[in-house]
Amino acid sequence: MGRPTVIIADPVPVHPLLEGKREIGRGEYSIVLDKGDEERVYKIVSSPADYFLLTADDRPKGAHFPIVFADHGVVGRATSGYPFHLIEMEKLYPLDAGSAAEDLAKRLIEIYWAACEQWSTLGMDMGRIALHQLAQSSIDIGGTMKDSLAALSDFIEEYQVLPDILNADNLMMRKDGTLVFSDPVFIA
Ligand SMILES: Nc1ncnc2c1ncn2[C@@H]1O[C@H](COP(=O)(O)OP(=O)(O)O)[C@@H](O)[C@H]1O
Ligand SMILES: [Mg+2]
């Protein structure tokens with residue numbers, strides 16, 4: 001579902017904080033290395049959308065957004081031409097099969113998809129409008145999730161980025177079972 005999966009092919013930039021760290025994830029725009037303390041990871045992001053999401057003063061906060069500990073600055077340049085920013089953030093986990101977080105993620109993807117279908121003629125604006133509708137609707141997905149959808153919708157309007165929550169890879173969980181939007185935006 002969603003956009004085709006392309007994986008960034010760049011090598012991990014050379015940086016003292018990254019030396020000897022194990023790579024645990026890679027997406028279209030980011031590389032994730034385990035810090036090794038069970039609590040944190042180093043995320044090397046090349047998408048400006050991800051950089052805004054993780055570092056902006058008015059970035060969305062609340063139960064369902066990742067905790068960011070530090071912005072270690074620019075550590076290189078991706079083949080795409082964008083700078084690589086190094087972010088130290090909380091370590092998240094794939095959704096456990098059968099968990100409440102997985103249930104909530106499935107539900108969310110389902111209702112967001114339905115809203116997208118409804119607005120499919122809007123082209124580029126589809127996801128933005130669908131998310132806005134979801135955040136405003138009376139649909140019952142829990143108070144903290146509702147607040148997080150509204151915060152995500154506001155952020156998307158403010159930063160002119162697009163939602164990317166149809167791909168279950170972009171939804172992860174904390175050890176305590178909380179669903180987290182680990183990678184909810186992109187720039188077209
Ligand atoms: N905070 C995190 N903790 C652990 N693994 C992560 C974290 N964030 C992302 N990952 C892993 O790295 C992969 C790529 O990250 P993602 O944020 O989706 O990057 P992209 O911007 O390239 O799509 C994810 O599919 C996931 O497996
Ligand atoms: Mg992703």
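The radius of gyration is taken over C-alpha atoms, and the globule rule used here is 2.2 Å times the number of residues to the power 0.38. The structure in these exercises is a predicted model.

**Exercise 1. Overall form**

Task: Decide whether the radius of gyration of the protein chain agrees or disagrees with that of a compact globule.

Solution.
1. The protein chain has 188 residues, and for that number the rule gives a radius of gyration near 16 Å.
2. The value for the protein chain is 16 Å, so the two agree.
3. Along the principal axes, the C-alpha atoms fill a box of roughly 50 × 35 × 30 Å.
4. Of the 188 residues, 31% are buried.
5. Take the contacts between residues at least 6 apart in sequence: 53% of these join residues at least 24 apart.

**Exercise 2. Secondary structure**

Task: State how many helices and strands the protein chain has, and give their pattern along the sequence.

Solution.
1. The count is four helices and nine strands.
2. In sequence order the pattern reads β-β-β-α-β-β-α-α-α-β-β-β-β.

**Exercise 3. Two helices in contact**

Task: Classify the angle between H2 and H3, and describe the residues where they meet.

Solution.
1. Helix H2 spans residues 100-118 and helix H3 spans residues 126-136; they pack at about 125°, with axes 8 Å apart.
2. This angle makes H2 oblique to H3.
3. The crossing of H2 past H3 is right-handed.
4. From H2, the residues Ile111, Tyr112, Ala115 and Cys116 meet Met126, Gly127, Ala130, Leu131, Gln133 and Leu134 of H3.
5. Sorted by class, this contact has eight nonpolar residues, two polar ones and no charged ones.

**Exercise 4. The loop between S2 and S3**

Task: For lysine 35 and glutamate 38, decide whether each is buried, partly exposed or exposed.

Solution.
1. Lysine 35 sits in the loop that joins strand S2 (30-34) to strand S3 (40-45). Glutamate 38 is in the loop between S2 and S3.
2. A residue is exposed if 12 or fewer other C-beta atoms lie within 10 Å of its own, and buried if 20 or more do.
3. Lysine 35 has 17 such atoms, so it is partly exposed.
4. Glutamate 38 has 8, so it is exposed.
5. Beyond its neighbours within four places in sequence, lysine 35 contacts Lys21, Arg40, Val41 and Tyr42. Lysine 35 and lysine 21 are 14 residues apart in sequence, with their C-alpha atoms 6.3 Å apart.
6. Glutamate 38 is not a glycine, although its phi is positive, about 75°.

How values were computed:
Residues numbered from 1 in each chain as written. Chains lettered and ligands numbered in written order. Predicted model: local features only at pLDDT ≥ 70, side-chain atom pairs only at ≥ 80, totals over all residues. Axes fitted to C-alpha atoms, helices over the stretch in contact; angles between N-to-C directions. Parallel < 35°, antiparallel > 145°, perpendicular 65-115°, else oblique. Left-handed = near helix turned anticlockwise from the far one by under 90°. Contact = placed C-beta atoms within 7 Å. Nonpolar A, V, L, I, M, F, W, Y, C, P; charged D, E, K, R; others polar.
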